[in-house]
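User: Take a close look at one part of this model for me: the strand pairing, and how it carries over to the contact between the chains. Keep it brisk.

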Amino acid sequence: MSTRPIAALAVLAATLSLASTAFAADRVSGNLTRTYVIVEDTDLIGDVTCDVGNNTPCFSFGAANVELRLNGFSITGRGDAVTGCGGAAFAGEAGVITNNMSGVVVRGPGIVQRFRGDGITVGGSTHARVEGLTLSTNCMSGVRVLATSFETIIENNIAVRNGSSNPGLLCGGI
Amino acid sequence: MIGHNSRVRLNAAQGNGYSEPADDFGIGLIGRASGNVIDHNSVSGNTNGIYIASGAVDNVIRENVVVGNPAIQSAHTRPDSRALDIVNLAPAGRTQFERNVCVTSLNAPCPAATPRQQ
């Protein structure tokens, strides 16, 4: 019996495996103790709690034109469940920052809550999108778009109970 | 938001902001935000509904429902705070308002909440 068909099948299987690996999205769930840097399309496959350092974001984009998809799960920070703050606001302690990456997307459904900064900070980015999220009880704004960002689309989100009592710190839903 | 040429549409912003100080909002155009379109949003029960800062220019506020800002409990507890459905502090004529529904405002029209003229 010839071994040639078996060898061909093995090569085909290896090729398919490599192709599958190349296009698979990253998957995240559980407790994060360091900022998760998004370098390719990334899916939440469970709820995420963020126990990162003060003034540190939970997720940060490290590549352009990639997505973070919450898939109905939550991203929860260190803020108080009632006030969102637990003391002072920490401007850098956001749920997700776009980090100067353009064409990035944060896509719901899913909830971003209890961050002592913003839920989502869009900074230094062009054509970023934030859509389909619930942004609740964050100590600054649900979504904040900085002056360094252009042509952002914020669509179909629900922003509730975000804000800061710090004088002069203009905050709110979006 | 302080960004430029952005689109904020079909969002619901409710119950955002502290009443002390009364400078928070449901949707805010702050700093020198410019060229943004805020449309078809529902904005209720926030400290201020839509807040447009003095440096914001050339933005469009279109067909939003902006009512119940602030909630009556906040207005009752802090009657001295000036919070409204739409607060426009931008220079006159530098913000375009089209067909919004609101009840209280500063330097912004609320025509859709008034009785239809016969």
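Analyst: Val122(A) stands opposite Val145(A), a residue of S13(A). The model is predicted, so read every position as computed. The valine pair belongs to the pairing of strand S10 (residues 120-122) of chain A with S13(A). That pairing is parallel and has 3 bridges.

Now widen the view to the sheet. S10 and S13 of chain A are part of an open sheet of 5 strands. The order is S2-S4-S7-S10-S13, and the pairing is parallel. Strand S2 (36-38) and S13 of chain A are its edge strands. Each of the two pairs on one side only.

Next comes the contact between the chains. In total, 28 residues of chain A are in contact with 30 residues of chain B. On the chain A side, strand S13 (143-145) contributes at least two residues. Strand S14 (153-155) and strand S15 (158-160) of chain A each do so too. S13(A) is thus named twice: as an edge strand of the sheet, and as a supplier of residues that touch chain B. By class, the chain A side has 14 nonpolar, 10 polar and 4 charged residues.

Strand pairing also crosses from chain to chain. S15(A) is joined to strand S2 (residues 12-14) of chain B by 3 bridges. These two strands run parallel. Within the pair, Ala159(A) stands opposite Ala13(B).

Follow S2(B) onward. The loop between S2 and S3 of chain B holds Pro21(B). The peptide bond from Glu20(B) to Pro21(B) is cis, with omega about -5°. Chain A has a cis peptide bond as well, between Gly108(A) and Pro109(A), where omega is about 10°. Pro109(A) sits in the loop between strand S8 (105-107) and strand S9 (111-113) of chain A. For context, most peptide bonds are trans.

Past the loop with Pro21(B), S3(B) opens the order S3-S6-S9-S12 of an open sheet of 4 strands in chain B. The pairing there is parallel. Strand S3 (25-29) and strand S12 (105-106) of chain B are at the edges. Each has a single partner strand, so one side of each has no neighbour in the sheet. Inside the order, strand S6 (residues 48-52) and strand S9 (residues 86-88) of chain B pair over 3 bridges in the parallel sense. Here Ile50(B) has Ile86(B), in S9(B), as its bridge partner.

Two backbone angles in chain B deserve a look. Asn5(B) is not a glycine, yet its phi is positive, about 55°. Asn5(B) lies in the segment before strand S1 (7-9) of chain B. With 16 other C-beta atoms within 10 Å, Asn5(B) is partly exposed. Arg99(B) is not a glycine either, and its phi is positive at about 55°. Arg99(B) is in the loop between strand S10 (95-98) and strand S11 (101-102) of chain B. Arg99(B) counts as exposed, because it has 12 C-beta neighbours inside 10 Å, and the limit for exposed is 12 or fewer. Most residues other than glycine have a negative phi.

Last, the setting of the valine pair in chain A as a whole. Chain A has 1 helix and 15 strands. Of its 174 residues, 44% are buried. Among chain A contacts with a separation of 6 or more, 63% link residues 24 or more positions apart.

Notes
Residues are numbered from 1 along each chain as its sequence is written. Chains are lettered from A and ligands numbered from 1 in the order in which they are written. This is a predicted model: local features need pLDDT of at least 70, side-chain atom pairs count only at pLDDT 80 or more; totals for chains, interfaces and linings use all residues. Two residues are in contact if their C-beta atoms, placed from the backbone, lie within 7 Å. Ala, Val, Leu, Ile, Met, Phe, Trp, Tyr, Cys and Pro count as nonpolar, Asp, Glu, Lys and Arg as charged, and the others, Gly among them, as polar. Two strands pair if DSSP finds at least two bridges between them. A residue is buried if 20 or more other C-beta atoms lie within 10 Å of its own, exposed if 12 or fewer, and partly exposed in between; C-beta atoms are placed from the backbone.
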